[in-house]
Amino acid sequence: MGTQVDLHTSLGVIGVELDDAKAPVSTANFLKYVRKGHYDGTLFHRVIKGFMIQTGGFDAALKQKLTDAPIANEANNGLTNERYTIAMARTGAPHSATAQFFINAADNAFLNFKSESPQGWGYAVFGKVTSGHEHVDAIEAVRTGRRGLLDDVPVHDVVIVKAVVAE
Amino acid sequence: MTTGNSLPVTADSARPQIHEWNASDQWRVIEFMSDLHLSPLAPATSAAWAAHLQHTDADAVVILGDLFEVWVGDDARCDAFEARCLEVLARTSARCWVGFMAGNRDFLLGESALADAGVTLLPDPTVLCAFGQRVLLTHGDALCLADVEYQRFRAEVRSPAWRAQFLSRSLVERRQLAAAMRDASEQRQRARGRAAYGDIDSAAAAEWSRLARAPVLIHGHTHQPVSEPMTTALTRHVLSDWHHDDGSARGDTLRLSAAGIRRSIARATP
């Protein structure tokens, strides 16, 4: 069984199981940020109904948090962006993921690896939700709007209060 | 309003020569960016910039200064990193119009290197006439008047005499001098804290806007991206810097079209 992490969000605890075997780089990277408390107090800053909920990059004041160096994209590991899987967010460059991640709220096959090209790399899945699915649904359903320079930000803050490795 | 005692401005920044630039009526989108600070030490930022230019659908791309972290003279364009960046510009200018306005880091980027890359040099400030709108463009450092020490430095290094004297040195010497100048500036900024960049002077910006008859201002330099009213008669849009090497994925562009100005933010997504 993979490493378990509990995301204590302001709407309830979401338990995730990481796939250490198929996504060793993303898993180690995620655990490093969990252990140093990076995710504590981060906002779900991008929530799109029927698509995904994204977090890990901004504090509640919508200030971007500093991160470590980007990691290699493991989207070619065979894991796919099914509903309730957890995957790394990134910029347009394939190997640019740092701390931000998202939970798929639908089967998002178009995010899967196709080829090792900027357009085809896809998004690396590294685990799945094993408990608290209803809290994922609750976050997905919140009202969102424009805040500062960002769209799709929940009108009322939804945050990860604390992320804990279940030893 | 006169440019008399009420404004803490130098004669130069109070009454600038405002260059007027008419956009082609064939264009539908003009894109702005600034403060990329390209350097061999920030490879992810250079890669993100090159990828952006390769895919942009804009009819014109305008770089409002500090494209390079440092530019010590056009003879540096044969060095590997600088040559690669100019090659990116050349490939872009083969597809769309590309303009460049000097920043405080790369004001020595001259017309010969730019011409080789098919890039047009825009004076600072320039008023752009496009889609029936007048938009004032500046890098922004000339308006940061509260930083008196910087303004003194700026006046010195922008003088033809300083330029000639600096360019007469060897390339190696110039690189060393530029590094020393940057270190001194960074030390000064650290000593002064986060407010070091300061902001542009709103009274001076309003005066520029009045002279240019432009109700909209686009600038960079301060690395504090925002779109906001500055005065009742002036709205400003501040570009972000670009940074992809600490994982923070910054790099806004502003896109001007007949529909107005829209900000496009580089950010992590699925």
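Does Asp66(B) count as buried or exposed, and how many C-beta neighbours lie inside 10 Å of this residue? Let us start there and then widen the view; keep in mind along the way that this is a predicted model. Asp66(B) counts as buried, with 29 C-beta neighbours inside 10 Å; 20 or more are needed for that label. This residue sits in the loop between strand 3 and helix 3 of chain B. Its backbone is worth a look too: Asp66(B) is not a glycine, yet its phi is positive, at about 55°.

Follow the chain onward from that loop and you come to helix 3 of chain B, which runs over residues 80–93. Its 14 residues reach 20 Å from the first C-alpha to the last, close to the 20 Å expected at 1.5 Å a residue. Five names are worth finding on this helix: Glu82(B), Cys85(B), Leu86(B), Leu89(B) and Thr92(B) are its buried residues. They cover an arc of only 115° around the axis, which puts them on the same side of helix 3 of chain B. The spacing of such residues has a simple background. An α-helix has 3.6 residues a turn, so residues three or four places apart point the same way. Turn to the other side of helix 3 of chain B and you find Ala80(B) and Ala83(B), which are exposed. What lies over the buried residues? The cover includes helix 2 (43–55), strand 3 (60–63), strand 4 (97–101), helix 4 (111–116) and strand 5 (119–122) of chain B.

Now step back to chain B as a whole. It holds 8 helices and 12 strands. Along the principal axes, its C-alpha atoms fill a box of roughly 50 × 40 × 35 Å. A compact globule of 270 residues would have a radius of gyration near 18 Å, and chain B agrees with this, having 18 Å. Of those 270 residues, 39% are buried. Among the contacts in chain B with a separation of 6 or more, 71% are between residues 24 or more positions apart.

Two further spots in chain B deserve a stop. Pro125(B) lies in the loop between strand 5 and strand 6 (126–130), and the peptide bond that leads to it from Asp124(B) is cis, with omega near 0°. Pro125(B) is also one of the residues in contact with Leu136(B), if neighbours within four places in sequence are left aside. The other partners of Leu136(B) on that count are Val127(B), Trp208(B), Ser209(B), Ala212(B), Ala214(B), Val216(B) and Leu217(B). The second spot is Ser159(B), found in the loop between helix 5 (148–157) and helix 6 (160–167) of chain B. Ser159(B) is exposed, with 11 other C-beta atoms within 10 Å.

Chain A is next. Here there are 2 helices and 10 strands, and along the sequence they follow the pattern β-β-α-β-β-β-β-β-α-β-β-β. The radius of gyration of chain A is 14 Å, close to the 15 Å that the globule rule gives for 167 residues, so chain A is as compact as a globular protein of that length. Its C-alpha trace spans about 40 × 35 × 30 Å along the principal axes. Of the 167 residues, 46% count as buried.

Ile86(A) gives a good view of the inside of this chain. Ile86(A) lies in strand 5 of chain A and is buried, with 28 other C-beta atoms within 10 Å. Beyond residues up to four places away in sequence, Ile86(A) touches Val16(A), Phe101(A), Ile103(A), Phe126(A), Gly127(A), Lys128(A) and Val129(A). In the loop between strand 4 (52–59) and strand 5 (85–88) of chain A is Tyr84(A). This residue is partly exposed, with 19 other C-beta atoms within 10 Å, and its phi is positive, near 70°, although it is not a glycine.

Finally, bring the chains together. Their contact takes 22 residues from chain A and 17 residues from chain B. On the chain A side, these residues divide into 12 nonpolar, 8 polar and 2 charged. The largest nonpolar core has 102 residues, and those touching the most other members are Ile53(A), Ala87(A), Ala124(A), Phe126(A), Leu136(B) and Leu137(B).

Note on methods
Residues numbered from 1 in each chain as written. Chains lettered and ligands numbered in written order. Predicted model: local features only at pLDDT ≥ 70, side-chain atom pairs only at ≥ 80, totals over all residues. Contact = placed C-beta atoms within 7 Å. Nonpolar A, V, L, I, M, F, W, Y, C, P; charged D, E, K, R; others polar. Helix = DSSP H or I, 4+ residues; strand = E, 2+ residues; numbered from the N terminus. Expected span 1.5 Å × (residues − 1). Buried ≥ 20, exposed ≤ 12 C-beta atoms within 10 Å, placed from the backbone. Arc of directions from axis to C-beta. Core = buried A, V, L, I, M, F, W, Y, C linked by C-beta atoms within 7 Å. Rg over C-alpha atoms; globule rule 2.2 N^0.38 Å.
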